[in-house]
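Let's take a walk through a protein together, one stop at a time. Have a look at the fold below and keep it at hand as you read.

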Amino acid sequence: ALQTAEASLVVAAGTTNPCKLEALTEALATRSQGGTESAAERAGEAYTLVRGKCVQVASASVDSGVADQPRSMDETLRGATNRAHASLEAAPEAALGFGIESGLFEVADRMFDICCCVAVVRGRAEPCVGWSCAFEIPARVADLIRSGAAGDLTIACNMGGVSTNPELGKAQGMIGLLSQMRLSRKEYTKQSILACMIGVENAELYDAAVAPPPPPPPDAPSPLQYEL
């Protein structure tokens, strides 16, 4: 198990949702499967961040700073980012903080649900971001959200007769219900965390300084050379 009383590495999570916390601990324990450019012996390696260390997840209930039910990818990303920063503030001993936020967005008059994970690593300027797959919300549930009759997806699912579980968002989620648990809420949350960890693991690629624009050709006139 990742969680231990004598942890050598603490990571913060801006949530107390059991499903999200379980997804986080499982994602951090995921081992490498190797790759086309990896040596065979690299298969089975842990993340560099946690390799050879015991990890403790310090969870805290924090404010997302957005609506309870985000309605765009931008708002979902802001919520996850706010949670990640707030989780680090709540756990000063943590090396990095995670924010996980589910939200809705619309394309071609269809509503979709997606999960975003943001990791803020101490000492790094930019956060790392990952997204899950997205799945379509049934029209009658989407209409309850659009009209304001339901404040969030769980309420809309109950009002729309899709579920009778008032804690659906903390259990298998709508995605687990509709997929008959072929894809659970935990697994779709793990997708966003694993995608986010790409940036965490590859700092040399994602934290590279923005290259300055190329110089103008030698014969290009300077703006000061123009005559008025």
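Find the loop between H5 and H6: this is where Gln180 sits. The model you are looking at is predicted, and in it Gln180 has a positive phi of about 55°, although this residue is not a glycine. Why is that worth a pause? Most residues other than glycine have a negative phi. Is Gln180 buried or exposed? Its relative accessibility is 62%, and exposed means over 50%, so Gln180 counts as exposed.

There is another residue of this kind to visit. Asp109 lies in the loop between S3 and strand S4, which covers residues 110-121. Phi of Asp109 is near 65°, again a positive value in a residue other than glycine. With a relative accessibility of 71%, over the 50% cut-off, Asp109 therefore counts as exposed too.

Now step back and take in the whole chain. How many helices and strands does the chain have? There are 7 helices and 6 strands. Try following them from the N terminus on: the order is β-α-β-α-β-β-β-β-α-α-α-α-α. The chain has 228 residues, and buried ones make up 43% of them.

Next, look for the largest pocket, which has a volume of about 740 Å³. Which residues are closest to its centre? They are Asn17, Lys20, Asp68, Gly169 and Arg185, out of 33 residues that line this pocket. Several elements give two or more residues to the lining: helix H1 (18-28), strand S3 (96-107), helix H4 (153-159), helix H5 (173-178) and helix H6 (185-201). You have met some of these names already, since H5 and H6 flank the loop that holds Gln180, while S3 comes before the loop that holds Asp109. As for its chemical character, the lining of the largest pocket divides into 12 nonpolar, 12 polar and 9 charged residues.

Our last stop is on the surface. Here Ile198, Leu205 and Tyr206 make a nonpolar patch of about 340 Å². Ile198 is found in helix H6, one of the elements that help to line the largest pocket. How much of Ile198 can be reached from outside? Its relative accessible area is 43%. A residue must have over 30% to be part of a patch, so Ile198 passes that mark while still counting as partly exposed rather than exposed.

How values were computed: Residues are numbered from 1 along each chain as its sequence is written. This is a predicted model: local features need pLDDT of at least 70, side-chain atom pairs count only at pLDDT 80 or more; totals for chains, interfaces and linings use all residues. Side-chain values use heavy atoms; hydrogens and water are left out. On a 1 Å grid over the protein atoms alone, a cavity is a set of points where a 1.4 Å probe fits but cannot get out, and a pocket is an open set with protein on both sides within 12 Å along at least five of seven lines; lining residues have an atom within 4 Å of a point. Grid points are joined across faces, edges and corners, and a volume is the space filled by probe spheres set on the points. Helices (H or I, at least four residues) and strands (E, at least two) are DSSP runs, numbered from the N terminus. Ala, Val, Leu, Ile, Met, Phe, Trp, Tyr, Cys and Pro count as nonpolar, Asp, Glu, Lys and Arg as charged, and the others, Gly among them, as polar. Patches are made of residues with over 30% relative accessible area and no salt bridge: like charges are joined within 9 Å, nonpolar side chains (Val, Leu, Ile, Met, Phe, Trp, Tyr) within 5 Å. Accessible areas come from the Shrake-Rupley method with a 1.4 Å probe; for residues, only the protein chains shown count as cover. A salt bridge is a side-chain nitrogen of Lys or Arg within 4 Å of a carboxyl oxygen of Asp or Glu. Buried means under 20% relative accessible area, exposed over 50%, partly exposed in between (1.4 Å probe, protein chains only).
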